[in-house]
Amino acid sequence: MARFEIIQPSARLSAFVAQYWFLDIDNAKPCSQRYIPSGYTTLTFHRGEPIYSTLHSELQPKSSLCGQCVTHTDIIYSGNLDYIMVVFYPVAAKIFFGIPMHETRNRNIETELLGDTSLRDLANRLMDTKDNRRCADLIESYLLDKLHSSTADIDKFNRMNAVVGSIKSGYQNITELSNMACLGYKQFKRTFAEYAGLNPKEFIQIVRFRKVLHSLHSGVQTNLNELAYECGYSDKSHLLKDFRTFSGYTPKEYLSTCDPYSEYLSLFNSIFINGCY
């Protein structure tokens, strides 16, 4: 039996956190779920059986900071799955963890290695707390304490956050984006990677890819040449290349494999696909 719950962050954290996810599955048969690049950084806690990642070729830590990925990975599990995930907006995680987020690219960093005793205490408390609302309260308390004590440059965060909005609106020229951020070209690229975990070009590629996913999920019937143009690609071949890199599928294969669209699960199902629960 699978139970999934989404809890929204409080108003004080809504600019930084997209959602809190709670997924609980009892006695799952051996199964895999594909994780595809999302543009989001996550903080995860797992209280169930070990999970194996094909990207990292190892069992995943019980709690970890999961950086931006630029390719898909399959997560393999069986038995009991009891998963908590904090989903941060693209440039928000640095506010709470302080480290340059490009250091987390394609990595799941065990929370013990971050040197944060309050995060370690949070992980321990979550392992013993089964009520989802209480777990969300504990996470919020930790994040609010970190927010109040953060030494991150809020002005730079706001500028990088505005750049993310511009990219989602269709801007792709990095010189134009650096001008929007009031930073020199090289400084902008460094700062963006420090906050987003990816360089601007990589992030733009993921945003374009996710626009394609949204169109496919929405059921809009269009040919790939039109879809490529609408989503900012130069041609269909570039769309297909990125789509296969990020998902491992062609668009047709993806539609035959992905879970049905649900408004409630829209963000979850755009990051995790083809689950077998």
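# Reading a predicted fold, feature by feature

Guide: Let's begin with one residue, Thr73, which lies in strand β7. Keep in mind that this is a predicted model.

Visitor: Is Thr73 buried or exposed?

Guide: Buried means under 20% relative accessible area. Thr73 has 5% relative accessibility, so Thr73 counts as buried.

Visitor: Which residues is Thr73 in contact with, leaving aside its neighbours within four places in sequence?

Guide: The partners come from two stretches of numbering: Gln33, Arg34 and Tyr35, and then Ser53, Thr54 and Leu55. A C-alpha distance adds to the picture: Thr73 and Ile36 are 6.7 Å apart in space, C-alpha to C-alpha, with their positions 37 residues apart in sequence.

Visitor: Thr73 brought us to β7. Which strands pair with β3?

Guide: To read strand pairing, look at the bridges and their sense. Strand β3 (residues 41-46) pairs with β7 (residues 73-88) in the antiparallel sense over six bridges. In that pairing, His46 stands opposite Tyr83. β3 also pairs with strand β6 (residues 63-66), again in the antiparallel sense, over four bridges. There, Thr44 stands opposite Ser64.

Visitor: Which way do the residues of β3 point?

Guide: Thr41, Leu43 and Phe45 point one way, while Thr42, Thr44 and His46 point the other way. All of them are buried, so to speak of β3 as mostly covered fits: six of its six residues are buried.

Visitor: How do I read a nonpolar core, and which residues have the most contacts inside the largest one?

Guide: Think of a core as a network of buried side chains, then look for its best-connected members. The largest nonpolar core here has 67 residues, and Tyr20, Phe88 and Leu143 have the most contacts inside it. Take Leu143: beyond its neighbours within four places in sequence, Leu143 is in contact with Leu13, Val17, Tyr20, Val86, Phe88 and Phe96. Another core, of 21 residues, lies apart from the largest one and includes Ile6, Ile75, Tyr83 and Leu267.

Visitor: Now helices. At what angle do α2 and α3 pack?

Guide: For a helix pair, read the angle, then the axis distance, then the residues that meet. Helix α2 (residues 117-127) and helix α3 (residues 132-149) pack at about 175 degrees, with their axes 10 Å apart. Angles over 145 degrees count as roughly antiparallel, so α2 is roughly antiparallel to α3. On the α2 side, the residues are Ser118, Leu119, Leu122, Arg125 and Leu126, which meet Arg134, Cys135, Leu138, Ile139, Tyr142 and Lys146 in α3. By type, the contact divides into seven nonpolar, one polar and three charged residues.

Visitor: And what is the angle between α4 and α6?

Guide: Helix α4 (residues 154-168) and helix α6 (residues 185-196) pack at about 95 degrees, with axes 10 Å apart. This makes α4 roughly perpendicular to α6. Lys156, Phe157, Met160, Val163, Val164 and Ile167 in α4 meet Phe188, Thr191, Phe192 and Tyr195 in α6. The residues of this contact are eight nonpolar, one polar and one charged.

Visitor: Finally, backbone angles. Where is Asn27 found, and what is its phi?

Guide: A positive phi outside glycine is something to look for. Asn27 is found in strand β2 (residues 17-35), and its phi is near 50 degrees. Asn27 is exposed, with a relative accessible area of 65%. Cys182 has a positive phi too, near 60 degrees. Cys182 sits in the loop between α5 (174-180) and α6, and counts as exposed at 61% relative accessibility.

Technical notes:
Residues numbered from 1 in each chain as written. Predicted model: local features only at pLDDT ≥ 70, side-chain atom pairs only at ≥ 80, totals over all residues. Heavy atoms only, no water. Core = buried A, V, L, I, M, F, W, Y, C linked by side-chain atoms within 4.5 Å. Buried < 20%, exposed > 50% of the residue type's maximum accessible area, 1.4 Å probe, protein only. Contact = heavy atoms within 4.5 Å. Axes fitted to C-alpha atoms, helices over the stretch in contact; angles between N-to-C directions. Helix = DSSP H or I, 4+ residues; strand = E, 2+ residues; numbered from the N terminus. Parallel < 35°, antiparallel > 145°, perpendicular 65-115°, else oblique. Nonpolar A, V, L, I, M, F, W, Y, C, P; charged D, E, K, R; others polar. Pairing = 2+ DSSP bridges.
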